[in-house]
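Subject: Structure handover

Hi there,

Here is the structure I promised to pass on, with my notes on it underneath. Have a look at it first, and then read on at your leisure.

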Amino acid sequence: MSNLFKYLPSVDSVLNKLEEEGVIDGLPRALSRDLVNGFLDVCREEIKGGIITEEKQLSSENIFPRLACHVRAGAKPHFRRVLNATGVVVHTNLGRSLLAESAVKAVTEACACYSNLEFDLKTGERGSRYSHVEKLICEITGAEAALVVNNNASAVLITLETLAKGREAVVSRGQLVEIGGSFRIPDVMTKSGAVLREVGATNRTHLHDYENAINEETALLMKVHTSNFRVIGFTKEVSGGELAELGRKYELPVYEDLGSGNLTNFSGLGLMREPTVQEVVAEGVDVVSFSGDKVLGGPQAGIIVGSKKYIDMIKKNPLNRAVRIDKMTLAALEATLRLYLDPETAMREVPTVRMITEKPENLKAQAQSLARVMRRVLGEKVIIGVREGVSRVGGGAFPEQDLKTFLVTVVPQNNISVELLKERLLSTEPPLVARIELDAFCLDPRTLSREEYKLAAETVSQALG
């Protein structure tokens, strides 16, 4: 065994060969050296473990292909593109909403060029970064004022910290939600310094429950939209309008966290009725917060709208500096919101909205087109079919509600199980994520663009090979 170690190539000789073959073009020398050292360490462990037992296993023709694969894999960015064939439109684990083409262009320009981020072009003096989107948000939602922070969790935190720190916030027991990442309303309320005052029961809360809880320590009345779960049966909740009226009676602000707030009414698709931001603002709720990167279809952001009196208070909170948005988010959000000035344009140009509203007959045609591409690329390696299925909105919106779709089914024919195919597709370039149903690997064209069909087929071919 000890004699085999001397046949391991030197690091410099390996680096030279990698350069000659163009494997490490553009890679920093230090990174290339680290990757080679890592590979040689693996070889040493294989010698010790009896996996490498002969000198010829360490010859250049045997070792170099493995080495090149190791270096290429190690050189890939850890954060990279993934093909989403799951049919989940706002897929939290895969980056949530895709940006519209105009938003992508705006982000690119914001990154590549200097900008008027905090510069007033009318006066030549320092300006406010929020001025770029506040007017747009107010025009679309009907609110008096608006503020944008880095996500909706921050929006909840800064709103409660501003309006209820050290005092009570009254919330229905049935609305003490937890969303992904163990973000819980009671926890963020504690962090904000507000004191939680629970009222009502899990399934039923009445207006008098809120009113009976009001005392000299009450700072605000809060409503949390349960967008990621449903309580059905014997239920009752107080509307935003009723709560707003109660708030005015006692001169208390009313705050509603919409979570995955939407600017589009999707009820025509057969989905359960979800309140739009515009409707909640019109009910007279003083402060409303919602996400920018979910059903709205923009970048990650927390949008706070409502009465100028309260929004101005939130803006002046020193915490605002810690949760403010950057120039890339501002650029993407402004471009996305501009599309919403014309609802028909938003339906067509915002990818999230377009995918949610895609008609079943169009998805059937897309599935048939994807199936043809898969058959052409994969040949007899697989059996390809098309069948009806369901998609989901995702992102905590419209829970347990299905969108009709058509799936392309893939069944390998070379002794590879669908489970192994799914696992291998996580290592292809790019990785492809889909789902297994009824012993078939299923791709949903709702979340694949036509430009990705051939690439999806090629990744399956990589996995089968």
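Strand β2 runs parallel to strand β12 (residues 382-394), and two bridges join them. One residue pair to look up here is V88 with R392, its bridge partner in β12. Please keep in mind throughout that this is a predicted model.

These two strands belong to an open sheet of five strands with mixed pairing, and the order is β2-β12-β13-β16-β15. At its edges you will find β2 (88-90) and β15 (435-437), each of which pairs on one side only. From one strand to the next, the twist averages 45°.

There is another open sheet to look at, this one made of seven strands. Its order reads β3-β11-β10-β9-β8-β4-β7, and the pairing is again mixed. The edge positions are taken by β3 (145-149) and β7 (195-199); each has a single partner strand, so one side of each is left without a neighbour in the sheet. Ignoring direction, neighbouring strands in this sheet are turned by 25° against each other on average. Within it, strand β10 (residues 287-291) and strand β11 (residues 302-306) make an antiparallel pair over five bridges. If you want a place to start, S291 has G302 in β11 as its bridge partner.

Now to the charges. How many salt bridges are there? With a side-chain nitrogen of Lys or Arg required to be within 4 Å of a carboxyl oxygen of Asp or Glu, the count comes to 24. The one I would like to show you is between R81 and E452, where the closest N and O atoms are 3.0 Å apart. R81 sits in the loop between α3 (60-75) and β1 (83-84), while E452 sits in the loop between β16 (440-443) and α18 (453-464), so this pair ties together parts that are 371 residues apart in sequence.

On the surface, R372, R375, R376, R450 and K454 form a positive patch. Which element supplies the largest share of the positive patch? That is helix α16 (residues 360-378), with three residues. R372 is placed in this helix, α16.

Finally, two backbone details for you to check. Most peptide bonds are trans, and most residues other than glycine have a negative phi. Against that background, E429 and P430 are joined by a cis peptide bond, with omega at about 0°. P430 is located in the loop between α17 (418-424) and β14 (432-433). L438, in turn, is not a glycine, yet its phi is positive, at about 50°. You will find L438 in the loop between β15 and β16.

Happy to talk any of this through once you have had a look.

Best wishes

Terms used:
Residues numbered from 1 in each chain as written. Predicted model: local features only at pLDDT ≥ 70, side-chain atom pairs only at ≥ 80, totals over all residues. Heavy atoms only, no water. Patch = residues over 30% accessible without salt bridge, like charges linked within 9 Å, V, L, I, M, F, W, Y side chains within 5 Å. Areas by Shrake-Rupley, 256 points an atom, 1.4 Å probe, with all protein chains shown as cover. Lys, Arg positive; Asp, Glu negative; His and termini not counted. Charge placed at Lys NZ, Arg CZ, Asp CG, Glu CD. Helix = DSSP H or I, 4+ residues; strand = E, 2+ residues; numbered from the N terminus. Pairing = 2+ DSSP bridges. Axes fitted to C-alpha atoms, helices over the stretch in contact; angles between N-to-C directions.
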